[in-house]
Protein chains: 2
Amino acid sequence: MLNFFKQHASLVFENPQIVEDFQEIMVSQKFKKHDIIHSSGSVCSHFYVIASGLARVFYYKESKDITVHFAAEEDSFTAIDSLIQRKKSKYSIEALEDLEVFSINFNDLELLFEKKPEYEHFGRLFLQQIYIDLVERIDDLQLHSTKERYDILLTKKPYLFKRVASKHIASFLGMSAETFSRIRGK
Amino acid sequence: MLNFFKQHASLVFENPQIVEDFQEIMVSQKFKKHDIIHSSGSVCSHFYVIASGLARVFYYKESKDITVHFAAEEDSFTAIDSLIQRKKSKYSIEALEDLEVFSINFNDLELLFEKKPEYEHFGRLFLQQIYIDLVERIDDLQLHSTKERYDILLTKKPYLFKRVASKHIASFLGMSAETFSRIRGK
DNA sequence: GTGATTTCTTGATAATTGTCAAGTTTTATT
DNA sequence: AATAAAACTTGACAATTATCAAGAAATCAC
């Protein structure tokens, strides 16, 4: 868990009090493989950090199942549209492996921010980081062939190719399962 | 300018002091059409809000000129990779019309945040908003045909089609200029 | 305003990728 | 371990989109 903070904000280590404050609003939870952690159409009020396991965020477009995010150890996930805009989410979230997570209720987080405004800094740094991640993802999608997209992801997150069903990676990369299979087979 | 704040955080109106503090670090600047506001390869340390005019953020991929962001009145722009990560940017920024902007030095902004940590809240809300914008953009790109992408943008930002050269919109939508032209001609 | 440059359009063709279908392999259940 | 279900692979074909090329239209510079 410490790694998660380390990843996103070195400030944590300058003040162990911060870790304590955050741990106070974090709840440890477990899910089984294939469990649905969040269902589309409902409001998601939690933010999750993974201790172990792997999850995906996805939605349906014209009955096709599209993965938009993978999260493994130390990564975070949530139904981001719902969490930020406080509306029903278009996304669902599924455990792809048995999962141990730390769950943070967004209201608790906002209360903490109100009580200790200096922690907003952490929230901002975190958002800056995931914003950059998203910018990269757009670049990857906007201008690369299927083969290039495959290779980029293989370089960035090789473990996905061992731990996740191909069809989910294919949809994440915006290509058909057949095209994915042909690329993999060289 | 007030509209920019209104767009991103209603909190501003609960406390006019905030506007004042921000205005203290904002500098008014003008650019001529075709001016390069920022060149790739250099570090960008400013964040811009447009009072009037239109700009684009772009980069070169294999000698092709790819637009990744348009900004018009009340919108903001910067070389986001550079600003957040403090490294040389891959992006350049061009004025597509005569431009009046408010420019904020990122260091000044961070100093303001240090002096008044409660303003981090504003930074976080702003990032949340542009994060959601980006999520939508990925959805638009990942799973829509050229025609659909054209229609989505036409609905969301019709003014671009009147004010911006087609080739820039085409690259922004991830399609060739010829395909763009054929879709437009119905 | 005239010529030069850039942008846009249109056609022909080629390349990429998706869809459908059938068979194979892998995984899950009992 | 046997069976059922799900996931993956492969081929044939179709659809989409890019590329190249050439001409038309629009914009820019003097």
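A salt bridge is taken here as a side-chain nitrogen of Lys or Arg within 4 Å of a carboxyl oxygen of Asp or Glu. The structure is a predicted model, in which local features require pLDDT of at least 70 and side-chain atom pairs count only at pLDDT 80 or more, whereas totals for chains, interfaces and linings use all residues. Residues are numbered from 1 along each chain as its sequence is written, chains are lettered from A and ligands numbered from 1 in the order in which they are written, and side-chain values use heavy atoms, with hydrogens and water left out.

Chain B is superposed on chain A by a rotation of 179 degrees with a shift of 0.1 Å along the axis, giving an RMSD of 0.1 Å; the fit is by least squares on the C-alpha atoms of residues with pLDDT of at least 70 in both copies. This is the relation of a two-fold axis. Both copies use the same surface, as 98% of the contact residues of chain B recur in chain A, contact meaning heavy atoms within 4.5 Å. Among the residues of chain B, B:Arg124 comes closest to the rotation axis, with its C-alpha at 2.3 Å.

B:Arg124 also takes part in a salt bridge between the chains, its side chain meeting that of A:Glu110 at 3.2 Å, N to O. Because A:Glu110 lies in helix α4 of chain A and B:Arg124 in helix α5 (residues 120-142) of chain B, the pair joins two chains. Helices are DSSP runs of H or I with at least four residues, and strands are runs of E with at least two, numbered from the N terminus. B:Arg124 is buried, at 2% relative accessibility, while A:Glu110 is partly exposed, at 23%; buried means under 20% relative accessible area, exposed over 50%, and partly exposed in between, for a 1.4 Å probe and protein chains only.

Within chain A, the side chain of A:Glu110 forms a further salt bridge with that of A:Arg86 (3.6 Å, N to O). A:Arg86 lies in the loop between α3 (80-85) and β7 (92-95), and A:Glu110 in helix α4 (residues 106-115), so the pair ties together parts that are 24 residues apart in sequence. A:Arg86 is partly exposed, at 43% relative accessibility.

Another salt bridge links B:Glu120 and A:Arg124, with the closest N and O atoms 2.6 Å apart. This pair crosses between chains, from helix α5 of chain B to helix α5 (residues 120-142) of chain A. Both partners are buried: B:Glu120 has a relative accessible area of 4% and A:Arg124 one of 2%. Salt bridges that share partners join A:Arg86, A:Glu110, A:Glu120 and B:Arg124 into one network. Over all chains, the count of salt bridges comes to 32.

DNA strand C is surrounded by 16 residues, of which A:Thr146, A:Thr179, B:Ser166, B:Lys167 and B:Arg182 come nearest; a residue is near the strand if one of its heavy atoms lies within 4 Å of it. Sugar and phosphate make up 59% of the atoms of DNA strand C that come within 4 Å of the protein. Polar side-chain atoms of A:Thr146 and A:Ser176 lie 2.8 Å and 3.2 Å, respectively, from a phosphate oxygen of the strand. A polar side-chain atom of A:Arg182 lies 3.0 Å from a base oxygen. α9(B) gives the most to the surface near DNA strand C, with four residues.

Definitions and conventions. Polar contact = N/O pair within 3.5 Å; in protein donor to acceptor, adjacent residues only side chain to side chain.
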